[in-house]
Amino acid sequence: MLQVPARIGGRPVGAAEWIEVRSPYDGTPVGRVPALTAAHVAEACTAAAAVLARRDFPQHARAEVLERAAGLLTERTEEFAVTVAREAGKPIADARGETARCADTLRFAAVEARKLAGEMIPMDASRAAAGRLGLAVRHPAGVVAAITPFNFPLNLVAHKIGPAIAAGCPVVLKPAELTPISAIRLVDLLVEAGLPEDWISVVTGTGPATGEPLVEHPVPAVVSFTGSVAVGRRIQRAAAGKRVLLELGSNAPVIIEAAADLERAVAAVRRGGFSYAGQSCVSTQRVLAHRSVYGAVLDGLRGAAGTLRLGDPLDGRTEVGPLISAAATARVAGWLDAARRAGAEVTGGEVHGTLITPAVVADPPRHLDVYRGEVFGPVITVTPYADLDEAIALANASDFRLQAGIFTPDLGAALRAANDLDFGGVLINEVPTFRADQQPYGGSGAAGNTREGPAYAINEMTELRFVSVSA
Ligand code: NAD
C-alpha cells in the first residue's frame with residue numbers, strides 16, 4: 001500500500017504503526033499514514049514555536065505563496081479530486097467542486113494577506129491622549145492547532161491553513177484519520193508554492209492519540225476545530241486558556257411557504273439534503289412545509305429522492321456515494337428503524353453495504369433522533385406547519401444554530417425570517433446547505449462559536465496591538 005509520510009518541521013516522518021486509509025465504497029486501499037504519538041506532536045509544536053519566533057515571512061510573501069498554490073491546485077484539480085473521491089467516498093463531480101472551491105479559499109486568503117491592516121486611533125479625541133499618534137496593529141495570535149473532519153478533507157483544511165498563513169501563524173494540522181491524504185497533499189503543494197518547509201506540520205493519527213496531545217500542548221495559542229459536537233465540547237474543556245474556535249454540527253431547517261415555487265424548492269432540497277449522502281454540516285435535514293402544500297412537497301421530495309443515482313464515487317454519473325464507514329451506516333439505519341417503529345412513514349433508507357438510498361421521513365415525532373439529532377446521512381424529515389410564526393418557532397427549536405433557509409416569494413416573510421431565524425446564516429430562496437467560501441460561516445449554541453471565511457478566520461487568528469507614538 002502507498003505510504004504517505006506525515007510532516008514535522010519540514011521533515012517527512014513515519015512511525016512504528018500505520019493507519020490504513022481505504023475507500024468507504026469498496027474498501028480498496030488508498031494509502032497509509034503514520035499513527036503519530038504525543039512525542040511527535042510535541043516535536044511539531046516545538047518546531048512551530050521556533051518558526052513563530054523567526055518573524056521572517058512578510059505579508060507579500062504569504063500572499064504570493066497562497067496565490068501560487070491556488071494556481072497549482074487549479075492545474076491539478078483532477079489529481080486532487082480523485083484523492084478526495086477515493087478516501088472520502090465523495091462523488092467525483094462533487095470532489096471536483098470541492099477542489100475548485102479550495103483554490104478559491106486560498107485566493108480569498110491571499111487577498112486578505114495583502115489587505116491585513118489595523119486602524120488609526122483618534123488620539124486627539126480625548127484630552128488625555130491628545131498629541132500622540134495611535135495605531136491598532138494586527139499581529140499573529142500564535143501557533144494554530146488545526147483539527148479537521150473527514151467530510152471536506154481539502155476545503156475545510158484550506159479554511160484553516162489559508163487564513164493562518166495570511167495571518168502569519170505557523171500551523172500544526174491534525175487531519176481526520178479517515179481522510180488524511182488530501183490534507184498532506186495540500187500541504188505538499190503549499191510548500192511547492194514557496195511556503196517555508198517548517199511552517200506547517202501535519203500530524204496524522206487518531207483523535208485520542210494525536211489530537212488530544214495537540215490540544216493540550218502549551219505551544220498552540222489557538223485551537224481551530226471543525227467536527228462533531230461531542231469532540232468539540234471535549235476540546236473546549238481540554239484547551240482551557242487557549243482561544244478555541246469551534247465549527248460543529250447542525251440539523252439545518254428549511255421553510256417552504258405556501259406561495260413558494262415548489263418545483264424550485266424541491267429541486268434545491270434534493271441537492272441540499274442528499275448530496276454527498278447528507279454528510280455536510282449544513283445538509284438540509286428538517287423540511288418545514290406549510291400545511292396547504294405539505295402533501296405536494298412530500299410527494300415531490302419522495303419522487304425526487306427516488307431519481308438520485310447511487311454508486312461508485314469515481315463514476316462521473318454518481319450523485320450519492322457511500323457513508324464514510326460501516327459504523328456511520330449502521331447508526332443512520334438504526335435512526336431510520338427507530339422512526340419506523342415510532343410509526344413515521346419512511347420511504348427509501350435501504351442499506352446496500354455503505355450506501356443508503358435517500359430517505360424521506362414524513363412528520364416524525366419530534367423527540368426522535370432523525371428530527372432532533374444531526375443525521376449526517378441521506379435523510380430528510382418533512383413536517384407541516386400552520387403559519388410563519390409556527391415555522392420559525394419549529395426552526396429555532398434546535399440547539400444547532402448554523403444555517404436555515406426559507407422559500408417564499410413574499411418579501412415581508414423573507415425579511416421576517418432574516419430577522420427572526422436565530423442562526424449564523426439565513427438563506428432566502430436557497431437551501432441552508434449553500435455556502436460561499438468568502439461569507440462569514442458558522443453558528444452558535446451546539447453549532448459552534450466562531451465564523452470562518454478567510455477574512456473572519458484571520459480576525460480570530462490575530463490580536464490587536466495598540467501602539468502609541470509620542471514625539
Ligand atoms: P469528529 O468530531 O469525529 O472528528 C473531527 C476531528 O477531530 C478528527 O480529526 C478527529 O481525529 C479529531 N478528534 C477526535 N477526538 C479528538 C479529541 N479527543 N481531541 C482532539 N481531536 C479529536 O468529526 P467527523 O466525524 O470527522 O466529522 C463530522 C462532524 O463534523 C459532523 O458533526 C459535522 O457536522 C461536523 N462538521 C462541521 C462543519 C462546520 O463548519 N460547522 C463542517 C464540516 C463538518
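Reader: At about what angle does helix 9 run to strand 18?
Author: Helix 9 (residues 262-274) lies across strand 12, strand 13 (286-290), strand 17 (359-362), strand 18 (379-385) and strand 20, contact meaning heavy atoms within 4.5 Å. This is a predicted model, with local features needing pLDDT of at least 70 and side-chain atom pairs pLDDT 80 or more, while totals for chains, interfaces and linings use all residues. Residues are numbered from 1 along each chain as its sequence is written, and side-chain values use heavy atoms, without hydrogens or water. With axes fitted to C-alpha atoms (for helices over the stretch in contact) and angles from 0 to 180 degrees between N-to-C directions, helix 9 runs to strand 18 at about 140°.

Reader: And which strands does helix 14 lie across?
Author: Helix 14 covers residues 411-420 and runs at about 170° to strand 21. Helices here are DSSP runs (H or I, at least four residues), as are strands (E, at least two), numbered from the N terminus. The strands that helix 14 lies across are strand 20 and strand 21.

Reader: Why do strand 14 and strand 21 each have one side without a neighbour in the sheet?
Author: The open sheet has 7 strands with mixed pairing, in the order 14-17-18-13-12-20-21; two strands pair if DSSP finds at least two bridges between them. From one strand to the next, the twist averages 20°. Strand 14 (345-347) and strand 21 (425-428) stand at the edges, so each has just a single partner strand.

Reader: Back to strand 12: what is the bridge partner of Ile 256 in strand 20?
Author: Strand 12 (residues 253-256) and strand 20 (residues 403-407) run parallel, joined by 3 bridges. For Ile 256, the partner in strand 20 is Phe 407.

Reader: There's another open sheet, in the order 5-6-23. Which strands are its edge strands?
Author: Its 3 strands pair antiparallel, and neighbours are turned by 30° against each other on average, direction ignored. Strand 5 and strand 6 (residues 133-140) share 3 bridges, and Met 120 has Leu 135 as its bridge partner in strand 6. Helix 15 (residues 454-461) lies across strand 6 and strand 23, at about 65° to strand 23. The strands that pair on one side only are strand 5 (119-121) and strand 23 (462-469).

Reader: How far is the side chain of Lys 174 from an oxygen atom of the ligand?
Author: Polar contacts here are pairs of N or O atoms within 3.5 Å. A backbone N or O atom of Leu 248 lies 2.7 Å from a ligand nitrogen, and a polar backbone atom of Gly 207 is 3.4 Å from a ligand oxygen. For an N or O atom in the side chain of Lys 174, the distance to a ligand oxygen is 2.6 Å.

Note on methods: A polar contact is a pair of N or O atoms within 3.5 Å; within protein, one must be able to donate a hydrogen and the other to accept it, and residues adjacent in sequence count only if both atoms are side-chain atoms.
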